[in-house]
Amino acid sequence: MIVTTSAERPHDKNGNALRLLACALAAADCGSLRQAATALRVRESSVSRSVVKLEQLLEMQLFERDVRGVRLTEAGRAWTDVARIHYEGLQAVFRDARNSRDAKTLRIGLCAVGGGQFLKRLIDRFRKSYPNVSLAIEDILREQCLTAVCRRRFDIIFAPGFGEVTSCRAEMFWQERIFVLVPAGHSLAEKRVVTWADLAGMQLLAPVGTSGPLLDLPTLEGIVTDGCRPTVNMCQGGQASVIFNVQLGQGVTLAGESFARNVAFDATVWKPIDGRNGLCSIKAFWLETNPKRAVLRLIGLARKMANTIPGPAHSQSASC
């Protein structure tokens, strides 16, 4: 057990009550302030001041002192017997809280992010560095992201865009190239890369309230160039319906490279977007007041990786 010796706050009437009590109980068990200080790994003067402070707060003499050490008074023994029960109960409560399943679980939300090399490496390194922390990774709707972070339904969320955010902390860690999914028989299927101008006038399909890796309407509006904007068609179905419509030749759809590189669909082909607004920035969103150390550890690893891993090759960078 380690007891800190920081100065007490003026507004705290009882000082650090648990610290004072810990020092008193250690002194009672050891019969010596010096031995109690050794057990607590603090200075003897700190134990002495804590015991005096506790006696002053209680207006009760807990210990008799002589050259041989300290011993509880009759009143002090009666009080510490009762106090010890409560103290040990509080210690158990704190210990159980630290060891609870929730405290050992880091909840990660993915919004329109399909993984990718950066995220895979980040998760892999985190698991190797902190094997005792469980990871719960789920998709989340864009419109729910910030609320979910603020209400601590998720500890951290990775998502594209959002612009300025004041309700929580936001930081960009990597960028993904944008890919377009076109029918296999489409004229664009033969091109090595596609520009926004190539998509002008086409039906750009986007699922309503997508929770998957396809880019949603707010993201699309931030990345498509005004002069060569395709016609955005919001589909009432989900991701599967959008893909099916692309297969039927009813339009095209977009996704980040992490999704496009790993998922293929029959009768379609993915093509990278080239030129201005061809990159989408992926940000992390979290609360600085989140008590889980695992959140800051994950952020720390992400920052180190972001400083050492080069971004995707692209003719001109732009963020969502």
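This briefing walks through the nonpolar cores, the cysteines and two unusual backbone angles of the structure above. Please keep in mind that the model is predicted. The largest nonpolar core has 39 residues, the disulfide count is zero, and two residues that are not glycines, arginine 41 and alanine 267, have a positive phi.

**Nonpolar cores**

- If you would like a place to start looking, try Leu106, Ile108, Leu122 and Phe158, which have the most contacts inside the 39-residue core.
- Strands and helices both build this core: β3 (105–110), β5 (156–160), β6 (169–183) and β11 (279–286), along with α5 (116–129) and α10 (293–308), each supply at least two of its residues.
- The top contributor is α10, which gives seven residues to this core.
- Once neighbours within four places in sequence are set aside, leucine 122 is in contact with Phe158, Leu298, Leu301, Ala302 and Met305.
- Another core lies apart from the one just described and has 17 residues, including Leu20, Cys23, Ala26 and Leu33.
- As general background, nonpolar side chains in soluble globular proteins tend to be buried together.

**Cysteines**

- Why is cysteine 150 not bonded to cysteine 168? Their sulfurs are 5.1 Å apart, which is too far for a bond, because a disulfide needs the two sulfur atoms within 2.5 Å.
- For cysteine 150, the closest cysteine sulfur is the one in cysteine 168.
- Seen from the other side, cysteine 168 is in no disulfide either, and the nearest cysteine sulfur to it is that of cysteine 150.
- The surroundings of these two cysteines are worth a look: cysteine 150 is partly exposed, with a relative accessible area of 33%, whereas cysteine 168 is buried, with a relative accessible area of 9%.

**Positive phi angles**

- Arginine 41 has a phi of about 60°, a positive value, although this residue is not a glycine.
- You will find arginine 41 in the loop between α2 (33–40) and α3 (44–58).
- Is arginine 41 buried or exposed? Its relative accessibility is 58%, so arginine 41 counts as exposed.
- Alanine 267 is also not a glycine, and its positive phi is about 65°.
- The loop that holds alanine 267 runs between α9 (257–260) and β10 (268–272).
- With 47% relative accessibility, alanine 267 counts as partly exposed, because exposed means over 50% and buried means under 20%.

How values were computed: Residues are numbered from 1 along each chain as its sequence is written. This is a predicted model: local features need pLDDT of at least 70, side-chain atom pairs count only at pLDDT 80 or more; totals for chains, interfaces and linings use all residues. Side-chain values use heavy atoms; hydrogens and water are left out. Helices (H or I, at least four residues) and strands (E, at least two) are DSSP runs, numbered from the N terminus. Buried means under 20% relative accessible area, exposed over 50%, partly exposed in between (1.4 Å probe, protein chains only). A nonpolar core is a set of buried Ala, Val, Leu, Ile, Met, Phe, Trp, Tyr and Cys residues joined through side-chain atoms within 4.5 Å. Contact means heavy atoms within 4.5 Å.
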